[in-house]
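Let's take a walk through this one together. Have the model open and turn it as you read.

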Amino acid sequence: MKAEYDFSRDERGKFYHPEAEFQLPIYLEPDINATTSHLAEERGVAVQALVNEWLRANLKLLESVRGKLGQRLCSRKILLKRGWVPGTIAQVLSLSHRHPPP
């Protein structure tokens with residue numbers, strides 16, 4: 001590595017593209033990857049399509065649960081404080097029985 005670099009002839013923002021979208025890589029654990037790959041193959045779809053379908057269904061169910069339990073009870077902040085991972089529907093559903101709203 002050089003001690004100094006000369007950037008005087010460089011152009012600021014040359015590679016910046018405001019319309020560019022960044023897609024986050026998501027890494028599945030081996031057992032989940034094997035199961036989703038098998039299910040996707042059975043259905044004749046890509047793993048990405050299958051996982052996106054599941055996530056959309058999970059988010060839709062979560063939104064319906066939020067409406068029933070109230071925004072405050074299901075807020076992400078409260079779920080995180082209580083140690084739950086946002087989006088796990090079984091935990092959100094059990095929330096109303098174990099922890100009544102303050």
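Before we look at any pocket lining, a word on classes: Ala, Val, Leu, Ile, Met, Phe, Trp, Tyr, Cys and Pro count as nonpolar, Asp, Glu, Lys and Arg as charged, and the others, Gly among them, as polar. Keep in mind, too, that this is a predicted model.

With that sorting in hand, go to the largest pocket, which has a volume of about 260 Å³. Around it you'll find Gln23, Leu24, Ile26, Leu28, Gln48, Val51, Asn52 and Leu55. How many of the lining residues are nonpolar, polar and charged? The split is 5 nonpolar, 3 polar and no charged.

Now move over to the second largest pocket, with about 150 Å³ of space. Its lining is made up of Ile26, Leu28, Ile32, Thr36, Val51, Trp54, Leu55 and Asn58. Sort those by class and you get 6 nonpolar, 2 polar and, once more, no charged residues. Helices H1 and H2 each put at least two residues into this lining, and H2 gives the largest share, with 4 residues.

One of the residues on that list deserves a stop: Thr36. Threonine 36 sits in helix H1. Is threonine 36 buried or exposed? Its relative accessible area is just 3%, and buried means under 20%, so threonine 36 counts as buried. As for its side chain, that reaches the backbone oxygen of isoleucine 32 at 2.8 Å, and Ile32 is another of the residues lining the second largest pocket.

While you're on H1, try a quick check of its length. At 1.5 Å a residue, its 14 residues should span 20 Å, and the C-alpha atoms at its ends are indeed 20 Å apart, so the two agree. Just past H1 comes glycine 44, with a positive phi of about 75 degrees.

Finally, look for charges that pair up. How many salt bridges does a search of the whole structure find? There is 1, and it joins the side chains of glutamate 53 and arginine 43, with N to O at 3.1 Å. The partners are 10 residues apart and link distant parts of the chain: arginine 43 belongs to H1 (residues 30–43), glutamate 53 to H2 (residues 47–69). How open are they to the outside? Glutamate 53 has a relative accessible area of 38%, so it is partly exposed. Arginine 43, at 46%, is partly exposed as well.

Terms used
Residues numbered from 1 in each chain as written. Predicted model: local features only at pLDDT ≥ 70, side-chain atom pairs only at ≥ 80, totals over all residues. Heavy atoms only, no water. Salt bridge = Lys/Arg side-chain N within 4 Å of Asp/Glu carboxyl O. Buried < 20%, exposed > 50% of the residue type's maximum accessible area, 1.4 Å probe, protein only. 1 Å grid on protein atoms, 1.4 Å probe; cavity = no way out; pocket = protein on both sides within 12 Å on 5 of 7 lines; lining within 4 Å. Points joined across faces, edges and corners; volume = space filled by probe spheres on them. Expected span 1.5 Å × (residues − 1). Polar contact = N/O pair within 3.5 Å; in protein donor to acceptor, adjacent residues only side chain to side chain.
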